[in-house]
Amino acid sequence: MRVVSHILEKFQKRNMAKPYNSIAGQFSKIAQIDFSATGKNSLLNQKSFYFDADSQLDGENAIITAIEYVDPNQQSTTLNGRSIETVDAVANAGGVLYISDFKRTLIAQLPLNPLSVTNAVLSLPISSRNGKKTFTYFTTQQWQNCYVEFTDTSFLTNTNSLLFRIHYNKR
């Protein structure tokens, strides 16, 4: 039994494991990607959709400790009144969140469906996460270089958005 607790202790010291009843972060913030007919997040010819710059979430100012995909079961519209894409739709489209640093070096690839704490994916054999967040420990991210990609964008509309709750600790 000591072997397991010793390994777990090492993982926790290196921020590779965390009890699920832990506080996700000192602060949380909503990050949103709005789809559009033209411009940066246009649906016409793009499969990579970037977040707007946010210095509060950059690695020099924050350690990102958890990320959640906010689906319509949690919140029906965004703060600016746009509809939120369903977890089922983003999961079926192979949605992945990419976290990158200031040199655009990839830090992490996170599939979108497990980022939902409700995880109500009807078409996938995945049980509910029962409110469990996806814990992370990102320290070198540049938020404007982070993005979401889909293998198929046909389900998206230019009036919808993706919404994420980012938990973080200030540096």
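Contact here means heavy atoms within 4.5 Å. Leaving aside neighbours within four places in sequence, Trp 143 is in contact with Ala 31, Phe 51, Asp 52, Asp 54, Leu 57, Asp 58, Ile 64, Ile 99 and Ile 166.

The structure is a predicted model, in which local features need pLDDT of at least 70 and side-chain atom pairs count only at pLDDT 80 or more, while totals for chains, interfaces and linings use all residues. Residues are numbered from 1 along each chain as its sequence is written, and side-chain values use heavy atoms, with hydrogens and water left out.

## Overall layout

The protein has 2 helices and 9 strands; helices (H or I, at least four residues) and strands (E, at least two) are DSSP runs, numbered from the N terminus. Along the sequence the pattern reads α-β-β-β-β-α-β-β-β-β-β. Of the 171 residues, 42% count as buried, where buried means under 20% relative accessible area, exposed over 50%, and partly exposed in between (1.4 Å probe, protein chains only). Among contacts with a separation of 6 or more, 73% are accounted for by residues 24 or more positions apart. The accessible surface comes to about 9200 Å², and 52% of that belongs to carbon and sulfur atoms. These areas come from the Shrake-Rupley method with a 1.4 Å probe; for residues, only the protein chains shown count as cover.

## The nonpolar core

A nonpolar core is a set of buried Ala, Val, Leu, Ile, Met, Phe, Trp, Tyr and Cys residues joined through side-chain atoms within 4.5 Å. The largest one has 30 residues, and those with the most contacts inside it are Phe 51, Ile 67, Leu 97, Trp 143, Val 148 and Phe 164. At least two residues of this core come from each of S1, S3, strand S5 (96-100), strand S6 (106-111) and S9.

## Aromatic pairs

Rings of Phe, Tyr and Trp (its six-membered ring) pair if their centres lie within 6.5 Å; planes under 30 degrees apart count as stacked, over 60 as edge-to-face and the rest as tilted. By this rule there are 8 aromatic pairs. Two of them are set out below.

| Pair | Centre to centre | Angle between planes | Class |
|---|---|---|---|
| Phe 27 and Tyr 168 | 5.6 Å | 25° | stacked |
| Phe 51 and Phe 164 | 5.5 Å | 70° | edge-to-face |

Phe 27 lies in strand S1 (residues 27-34) and Tyr 168 in strand S9, so their pair ties together parts that are 141 residues apart in sequence. Phe 27 is partly exposed, at 33% relative accessibility, whereas Tyr 168 is buried at 5%. Lys 170 lies over the face of Phe 27, 4.6 Å from the ring centre. For such an arrangement, NZ of Lys or CZ of Arg must be within 6 Å of the ring centre and within 35 degrees of the ring normal.

The Phe 51 and Phe 164 pair also links distant parts of the chain: Phe 51 is in the loop between strand S2 (48-50) and strand S3 (62-70), and Phe 164 is in strand S9, 113 residues apart. Phe 51 is buried, with a relative accessible area of 2%, and Phe 164 is buried at 0%. Together with Tyr 69 and Trp 143, these two residues form one aromatic cluster.

## Ser 161 and strand S4

Ser 161 lies in strand S9 (residues 160-170) and is buried, with a relative accessible area of 0%. Its side chain makes a polar contact with the side chain of Asp 34 at 2.5 Å. A polar contact is a pair of N or O atoms within 3.5 Å; within protein, one must be able to donate a hydrogen and the other to accept it, and residues adjacent in sequence count only if both atoms are side-chain atoms.

Not counting residues up to four places away in sequence, Ser 161 touches Gln 32, Ile 33, Asp 34, Phe 35, Thr 78, Arg 82, Ser 83, Ile 84 and Glu 85. Of these, Ser 83 is found in strand S4 (residues 83-84), and Ile 84 lies in S4 as well. Ser 83 is partly exposed at 37% relative accessible area, while Ile 84 is buried at 6%. Between Ser 83 and Ser 161 the C-alpha to C-alpha distance is 6.2 Å, with their positions 78 residues apart in sequence counted as separation. Ile 84 and Gln 32 are 52 residues apart in sequence and 9.7 Å apart in space, C-alpha to C-alpha.

## Arg 104

Arg 104 lies in the loop between S5 and S6 and is exposed, with a relative accessible area of 52%. Its phi is near 65°, a positive value in a residue other than glycine. Most residues other than glycine have a negative phi.
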